[in-house]
Amino acid sequence: MTAQHGKAPLKSFASDNNAPVHEAVLRAVTEVNSGDVIGYGDDIYTLSAERKLKEQFGKDIRVYFMVTGTGANVAGLSHITRPYHAIICSDKAHLEKDECGAPEKMCGCKLIRIPGDDGKIKVDDLYPLLGSLGFPHHSQPKVISLTQATEMGTVYQLDEIREIAGFANDHDMYLHMDGARLANAAASLNVSLAETTMFSGVDLLSFGCTKNGAMGAEAVIFFNQELAEGFEYTRKQSMQLISKMRYVSAQFEALFSGNLWLENAQQANRMADLLATKVSRIAGVTITQKTETNAVFAILPPGAIEKLRQRYFFYTWDAQRNEVRWMTAYNTTEKDIEEFVAAIKDAVKP
Ligand SMILES: Cc1ncc(COP(=O)(O)O)c(C=O)c1O
């Protein structure tokens with residue numbers, strides 16, 4: 001995938017996963033690295049980190065730590081569905097495109113894909129699904145899954161989430177949110193984490209911190225506590241119960257003791273905004289999505305992608321359209337953007 005074997009790594013605009021672990025997170029991990037504590041989360045560090053998340057999301061929640069985002073999505077969704085249910089998601093959703101069929105395998109459910117260039121589900125897209133309810137020949141729509149921020153770097157406004165939550169509630173469905181980049185969305189909307197989830201009617205959240213500077217820290221959070229019943233067993237069966245939990249918990253502690261989570265997200269978003277602003281002035285380059293968080297999508301002239309890729313690592317999003325995705329992270333600097341923009345100018349020169 002990287003084609004970097006044996007060479008110094010190229011600066012990456014491929015994914016926020018490519019950034020190193022934030023030094024405060026790494027420090028927090030080493031700070032808990034002394035003495036014996038009970039495993040599997042029955043320790044003071046995990047208790048403290050759960051408290052920190054409750055301060056963010058509300059005290060009446062149930063929190064379960066994990067280490068992968070796919071694991072969080074699949075464990076959470078499998079817990080609240082039966083195999084005859086359908087999970088509704090965008091056709092751009094990580095669930096649908098990038099989890100190797102794990103949701104279908106582990107939940108046994110059909111995924112219903114809602115098309116949309118910006119990665120967002122609109123409430124009007126959902127009404128046609130109502131015809132399946134109660135009809136035994138069709139999978140029963142049960143969960144609507146939104147990604148916040150979306151895979152296209154766009155964000156759901158609070159009223160959009162609330163409208164979909166209202167629809168779910170009216171039709172006995174649940175609202176799941178894949179929050180692998182929830183911090184970026186909250187920073188973009190300038191709202192709290194609770195406002196874009198619990199207070200907007202989300203039942204179940206996959207909360208990712210790995211892209212926000214952690215090493216591997218994800219959580220399943222139930223806002224609808226009844227749904228959490230028995231989830232400790234589902235987590236174990238999903239192979240996401242970590243024995244040395246304190247090291248996962250320490251990562252949350254580092255991000256949520258102060259505002260590090262927000263500062264990291266704001267920096268990533270600011271750098272994407274700067275990149276989009278500068279790139280939009282380059283003749284021949286077309287930005288294809290609203291830059292609302294830390295992703296920039298752009299179409300480049302033929303040949304430019306290959307030239308630029310000799311100096312930077314990033315993904316082609318749609319080869320037929322010559323469209324690329326560039327992502328920034330908490331560690332992207334203005335200097336990185338200046339240099340990258342200069343390289344883009346160079347690459348697009350006829
Ligand atoms: C929207 C979204 N959800 C979930 C994930 C989590 O994936 P992983 O299983 O690699 O941690 C990602 C990672 O790229 C993502 O972009």
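**View 1. Thr70 at the ligand.** In this predicted model, a polar side-chain atom of Thr70 lies 2.6 Å from an oxygen atom of the ligand. Thr70 belongs to the set of residues surrounding the ligand, which also includes its neighbours in sequence Thr68 and Gly69.

**View 2. Asp178 and Lys211 at the ligand.** Asp178 places a polar side-chain atom 2.7 Å from a nitrogen atom of the ligand. Lys211 has a polar side-chain atom 2.6 Å from a ligand oxygen atom. Taken alone, the ligand exposes 400 Å². The protein buries 78% of that area.

**View 3. The shell around the ligand.** Asn17, Thr68, Gly69, Thr70, His94, Thr147, Glu151, Asp178, Ala180, Arg181 and Lys211 surround the ligand. Sorted by class, the shell has six polar residues, four charged residues and one nonpolar residue. Ala180 is among the residues of this shell, and so are Glu151 and Arg181.

**View 4. The ligand pocket.** Which pocket does the ligand take up? The space taken by the ligand is the largest pocket. His94 and Thr147 are among the residues that surround the ligand there.

**View 5. A salt bridge between Asp336 and Lys11.** The side chains of Asp336 and Lys11 meet in a salt bridge, with an N to O distance of 3.7 Å. This pair links distant parts of the chain. Asp336 sits in helix 12 (residues 334-348). Lys11 sits in strand 1 (residues 11-12). The two residues are 325 residues apart. Side chains of opposite charge can pair when their charged atoms come close. The structure holds 15 salt bridges.

Technical notes. Residues numbered from 1 in each chain as written. Predicted model: local features only at pLDDT ≥ 70, side-chain atom pairs only at ≥ 80, totals over all residues. Heavy atoms only, no water. Near = heavy atom within 4 Å. Polar contact = N/O pair within 3.5 Å; in protein donor to acceptor, adjacent residues only side chain to side chain. Areas by Shrake-Rupley, 256 points an atom, 1.4 Å probe, with all protein chains shown as cover. 1 Å grid on protein atoms, 1.4 Å probe; cavity = no way out; pocket = protein on both sides within 12 Å on 5 of 7 lines; lining within 4 Å. Sits in = over half its atoms within 2 Å of the grid points. Nonpolar A, V, L, I, M, F, W, Y, C, P; charged D, E, K, R; others polar. Salt bridge = Lys/Arg side-chain N within 4 Å of Asp/Glu carboxyl O. Helix = DSSP H or I, 4+ residues; strand = E, 2+ residues; numbered from the N terminus.
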